[in-house]
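Trainee: Before we look at anything, could you take me through how one reads a model of this kind, feature by feature?

Mentor: Gladly; let us put the model in view and go from there.

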Amino acid sequence: MAMATALAFLPNTAATAAPTADTPAAAATDGTPLSYVVNIKGGHGTSAKVKKAIAEAGGTVVTSYDRIGVIVAHSSNADFAKTIRKVRGVQSAGATRNAPLPSAATTDLGAPKVLSEREVAEAASEAAAGQDPLQELQWDLPAIKADKAHEKSLGSSKVTVGVIDTGVDDTHPDIAPNFDRAASVNCVTGKPDTSEGAWRPGPTESPHGTHVAGEIAAAKNGVGMTGVAPGVKVSGIKVSNPDGYFYAEAVVCGFMWAAEHGVDVTNNSYYTDPWYFNCKNDPDQKALLEAVSRATRYAERKGAVNVAAAGNENYDLAADEITDPVSPNDATPTERVIDPTECLDIPTQLPGVVTVAATGAKGLKSSFSNHGLGVIDIAAPGGDSTAYQKPEPPATSGLILGPLPGGRWGYMAGTSMASPHVAGVAALIKSTHPYASPALVKALLYAQADATPCTDPYDINGDGKADAVCEGPKNRNGFYGWGMADALDAVKR
């Protein structure tokens with residue numbers, strides 16, 4: 001089952017007892033404690049009037065991001081958002097979740113396939129001179145010419161990629177040499193926690209962020225595998241809670257942290273829970289959409305290129321309508337038909353964000369990858385079933401190799417794995433052009449991509465029926481966008 005849907009379905013516990021006649025609705029606090037975002041005009045600080053209104057409505061301010069006008073608040077009042085929306089100066093407000101506090105939406109395809117000690121040893125024994133022991137298994141590096149790029153440059157240690165994800169195990173031998181402690185944080189509550197190791201995944205939490213970090217910048221150090229940009233830094237910006245949910249207040253915190261801590265590129269291999277698509281005509285979803293939009297725009301203004309995975313449902317994101325059967329994923333989902341121009345996957349479909357589709361070992365769109373003309377910006381290896389796209393030997397798996405917590409390595413697949421390849425290439429561009437703005441880095445990323453024509457017909461499973469329809473010309477189409485990311489061109493001056 002695609003992890004881009006949900007890792008857990010929790011009962012809807014948002015219903016509350018009605019306030020008594022003597023207690024105004026604005027102050028009722030006998031409901032489920034939930035988290036909210038309240039959006040006001042940015043750049044002026046949180047007004048005393050709005051703070052007072054939040055308190056009177058039974059809320060508590062957790063933190064406020066004054067530069068973008070986003071306040072994170074908690075409240076047990078079921079009518080909190082409705083009440084706050086009426087306050088002068090409040091532009092939008094909404095609950096970020098249905099599940100109670102404290103309580104998954106990564107864009108991978110499930111649990112990793114862990115390499116055994118024997119498999120690691122066998123791969124190491126066959127490694128070519130100058131390669132890391134497991135590099136022979138990484139068909140994805142030559143697919144974007146990263147192996148050739150490394151002969152010219154490994155990237156600059158002055159460039160940092162922020163992995164906004166489930167947490168990064170910085171003790172892993174492939175990650176430790178390139179880890180940026182100062183740019184790492186735990187943002188799960190919506191407020192930065194910089195205590196030692198707070199950015200790491202817990203023992204029962206997803207290895208997703210560690211795998212992603214290694215794909216970007218696993219060191220070329222004679223250990224394990226090699227990242228796309230093995231000379232740049234990575235930071236861990238943990239935004240998913242122990243249940244695996246990426247709630248809006250955490251995502252906003254992640255982008256704001258990246259913006260204020262010198263992060264050059266952010267990787268976002270998830271969608272913001274609990275709605276796969278956030279619709280502008282729903283007051284709660286509108287508020288989440290606005291809060292995350294403000295945060296991504298601010299991060300880009302501060303110098304970060306934001307890269308995001310397209311998702312794993314084989315959806316045409318440029319279609320007139322899409323059926324979403326999984327939202328809200330922290331309560332009882334209700335199947336709904338949405339217009340993807342009005343209901344957005346965030347941060348994937350936000351303006352300015354680089355949207356990445358996945359390809360397999362044969363260079364075709366991965367069977368699961370979302371697509372869409374005008375939505376997909378670029379493509380990169382994300383893996384696919386070996387039955388559909390088998391790599392050339394000595395690689396044996398059609399999935400993507402990466403590090404796992406505890407000093408292990410394993411295979412994963414998904415647009416989650418495609419996005420970090422592009423983030424790595426963006427980091428190489430930034431290394432080559434250290435003064436380039438985010439707009440210029442993106443322009444170079446697209447101009448240097450290898451134009452890839454539509455796959456037509458696209459019958460990935462060979463049953464005689466088209467599995468998706470690609471539209472557009474060779475240099476800008478719905479499957480591959482501007483084309484396949486090119487790491488070699490990224491390091492050429």
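## Reading the model

Mentor: Keep in mind throughout that this is a predicted model, and let me start with one pair of side chains: aspartate 165 and histidine 208 are joined by a polar contact of 2.6 Å.

Trainee: Which residues does UniProt list for "active site"?

Mentor: An annotation of this sort is best read together with the geometry, and the positions may be inferred rather than shown by experiment. The unreviewed UniProt entry lists Asp165, His208 and Ser416 under "active site". These positions are spread over 252 residues of sequence, yet they cluster in space, with a largest C-alpha distance of 10.2 Å.

Trainee: Where are aspartate 165 and serine 416 found, and are they buried or exposed?

Mentor: Aspartate 165 belongs to strand β6, which covers residues 160-165, while serine 416 has its place in helix α9, residues 415-432. For burial, the cut-off to apply is under 20% relative accessible area. Aspartate 165 counts as buried because its relative accessible area is 0%, and serine 416 is likewise buried because its value is 0%.

Trainee: Which residues does the "domain: Peptidase S8/S53" annotation cover?

Mentor: According to the unreviewed UniProt entry, that annotation covers residues 157-483. Over residues 157-483 the chain is 22% helix and 16% strand, and the C-alpha atoms at the two ends are 27 Å apart.

Trainee: How should I judge the overall form of the protein chain?

Mentor: One compares the radius of gyration with what a globule rule gives for the number of residues. Here a compact globule of 493 residues would have a radius of gyration near 23 Å, and the protein chain has 22 Å, so the two agree. Its C-alpha atoms fill a box of roughly 80 × 50 × 40 Å along the principal axes, and the protein chain has eleven helices and 18 strands. Of the 493 residues, 59% are buried, whereas the exposed area is about 18000 Å², with carbon and sulfur atoms supplying 53% of that area.

Trainee: How many residues has the largest nonpolar core, and which have the most contacts inside it?

Mentor: A core is read as a network of buried nonpolar residues joined through their side chains. The largest one has 53 residues, and Val354, Val422 and Val425 have the most contacts inside it. Helix α9 gives the most to this core, with nine residues. A second, separate core has 39 residues, including Val37, Ile237, Trp257 and Ala287. To look at one residue of the largest core, leave aside the neighbours of valine 422 within four places in sequence: valine 422 is then in contact with residues that include Val307, Val354, Ile378, Leu445 and Ala485.

Trainee: Why does a polar residue such as serine 397 count as buried?

Mentor: The class follows from accessible area, and not from the chemical type of the side chain. Serine 397 counts as buried because its relative accessibility is 10%, and its place is the loop between β16 (378-381) and β17 (400-404). A polar atom of the serine 397 side chain lies 3.1 Å from the backbone nitrogen of leucine 399. Beyond its neighbours within four places in sequence, serine 397 is in contact with Trp139, Thr386, Pro391 and Tyr411. Glutamine 448, in helix α10 (residues 438-448), is also buried, because its relative accessible area is 14%; with the same exclusion of sequence neighbours, glutamine 448 is in contact with Ile429, Asp486, Asp489 and Ala490.

Trainee: What should I look for in the backbone angles?

Mentor: Look at omega for cis peptide bonds, and at phi for positive values in residues other than glycine. A cis bond joins serine 327 and proline 328, with omega about -5 degrees, and proline 328 is found in the loop between β12 (322-324) and β13 (336-338). The peptide bond from aspartate 456 to proline 457 is also cis, with omega near 5 degrees, and proline 457 lies in the loop between α10 and α11 (487-490). As for phi, lysine 145 has a positive value near 60 degrees and is found in the loop between α4 (140-143) and α5 (146-149). Asparagine 314, in the loop between β11 (305-309) and β12, has a positive phi of about 55 degrees.

Conventions:
Residues numbered from 1 in each chain as written. Predicted model: local features only at pLDDT ≥ 70, side-chain atom pairs only at ≥ 80, totals over all residues. Heavy atoms only, no water. Helix = DSSP H or I, 4+ residues; strand = E, 2+ residues; numbered from the N terminus. Buried < 20%, exposed > 50% of the residue type's maximum accessible area, 1.4 Å probe, protein only. Polar contact = N/O pair within 3.5 Å; in protein donor to acceptor, adjacent residues only side chain to side chain. Core = buried A, V, L, I, M, F, W, Y, C linked by side-chain atoms within 4.5 Å. Contact = heavy atoms within 4.5 Å. Rg over C-alpha atoms; globule rule 2.2 N^0.38 Å. Areas by Shrake-Rupley, 256 points an atom, 1.4 Å probe, with all protein chains shown as cover.
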